[in-house]
Amino acid sequence: MAEPPTPDPDISDNQASASAPVQARSDRSPWNWLLILPILVPLTTPLFNHDDPRLLGFPVFYWLQLAFILLGVTTTTIVYRMTGGGASR
């Protein structure tokens, strides 16, 4: 019979725990559903399929594209903060 392996005295507890399996991260928060808005809203062409109103002389298509960017940034920021993004897990 083979002898069981003996622990290596040169390996500290920190190094041994670093090689331990890590639990998989779960990103299944209901707040993530909010990220569908910046995808779906620009796809609704009746929103910008006309010339009026104009903002500073620009047709609705151009300034609405900038509004879509702001919508994406805002929703991404909200989801990031509400899901605890950046917090140590």
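**Exercise 1. In which loop is Pro53 found?**

Solution. The structure is a predicted model. Its elements run α-α-α from the N terminus on, with 3 helices and 0 strands in the protein. Pro53 is found in the loop between H2 and H3. The peptide bond that joins Asp52 and Pro53 is cis, with omega about 0°.

**Exercise 2. Describe the backbone and the exposure of Leu56, a residue of the loop between H2 and H3.**

Solution. Step one concerns the backbone: Leu56 is not a glycine, yet its phi is positive, at about 55°. Step two concerns accessibility. Leu56 has a relative accessible area of 80%, and the cut-off for an exposed residue is over 50%. Leu56 is therefore exposed.

**Exercise 3. Which residue forms a salt bridge with Asp51, and how far apart are the closest N and O atoms?**

Solution. The partner of Asp51 is Arg54, and the closest N and O atoms are 3.1 Å apart. The cut-off for a salt bridge is 4 Å, and the count by this rule comes to 1 salt bridge. To place the two residues on the accessibility scale, take each value in turn. Asp51 has a relative accessible area of 38% and is partly exposed. Arg54, at 46%, also counts as partly exposed.

**Exercise 4. Classify the ring pair formed by Phe48 and Phe68, and state what parts of the chain the pair ties together.**

Solution. By the ring-centre rule, the count comes to 3 aromatic pairs. For Phe48 and Phe68, the ring centres are 6.0 Å apart and the planes stand at 70°, so the pair is edge-to-face. The cut-offs used here are centres within 6.5 Å and, for edge-to-face, planes over 60 degrees apart.

The next step is position. Phe48 belongs to the loop between helix H2 (37–40) and helix H3 (60–82), whereas Phe68 belongs to helix H3; the pair therefore ties together parts that are 20 residues apart in sequence.

The last step is burial. Phe48 has a relative accessible area of 14% and is buried; Phe68, at 11%, is buried as well. Both residues are members of one aromatic cluster, which is formed by Phe48, Phe61, Tyr62 and Phe68.

**Exercise 5. What is the reach of H3 from its first C-alpha to its last, and which of its residues are buried?**

Solution. H3 has 23 residues and reaches 32 Å, close to the 33 Å expected at 1.5 Å a residue. After H3 comes Gly84, with a positive phi near 75°.

The buried residues of H3 are Val60, Leu64, Phe68, Gly72, Thr75 and Val79. To interpret this list, recall the geometry of a helix. An α-helix has 3.6 residues a turn, so residues three or four places apart point the same way. The cover over the buried residues of H3 includes H2.

**Exercise 6. For Thr75 and Leu71 of helix H3, determine the accessibility class and the contacts beyond four places in sequence.**

Solution. Begin with Thr75. Its relative accessible area is 5%, and Thr75 is buried. Leaving out residues up to four places away in sequence, Thr75 touches Leu34, Leu35 and Pro38.

Continue with Leu71. Its relative accessible area is 26%, and Leu71 is partly exposed. With residues up to four places away again left out, Leu71 touches Leu37, Pro38 and Val41. Leu71 and Pro38 are 33 residues apart in sequence, but their C-alpha atoms are 6.2 Å apart in space.

**Exercise 7. Which residues does the UniProt annotation "transmembrane region" cover, and what does the model show over them?**

Solution. The annotation, from an unreviewed UniProt entry, covers residues 31–48 and 60–80. Over residues 31–48, the chain is 22% helix and 0% strand, with the end C-alpha atoms 28 Å apart. Over residues 60–80, the chain is 100% helix and 0% strand, with the end C-alpha atoms 30 Å apart.

**Exercise 8. What part of the 89 residues in the protein is buried, and what supplies its exposed area?**

Solution. Buried residues make up 9% of the 89 residues. The protein exposes about 7900 Å², and carbon and sulfur atoms supply 64% of that area. As to contacts with a separation of 6 or more, residues 24 or more positions apart account for 50% of them.

Conventions: Residues are numbered from 1 along each chain as its sequence is written. This is a predicted model: local features need pLDDT of at least 70, side-chain atom pairs count only at pLDDT 80 or more; totals for chains, interfaces and linings use all residues. Side-chain values use heavy atoms; hydrogens and water are left out. Rings of Phe, Tyr and Trp (its six-membered ring) pair if their centres lie within 6.5 Å; planes under 30 degrees apart count as stacked, over 60 as edge-to-face and the rest as tilted. Helices (H or I, at least four residues) and strands (E, at least two) are DSSP runs, numbered from the N terminus. Buried means under 20% relative accessible area, exposed over 50%, partly exposed in between (1.4 Å probe, protein chains only). Contact means heavy atoms within 4.5 Å. UniProt positions are given in the numbering used here, feature names are shortened, and annotations may be inferred rather than shown by experiment. The expected span of a helix is 1.5 Å times one less than its number of residues. A salt bridge is a side-chain nitrogen of Lys or Arg within 4 Å of a carboxyl oxygen of Asp or Glu. Accessible areas come from the Shrake-Rupley method with a 1.4 Å probe; for residues, only the protein chains shown count as cover.
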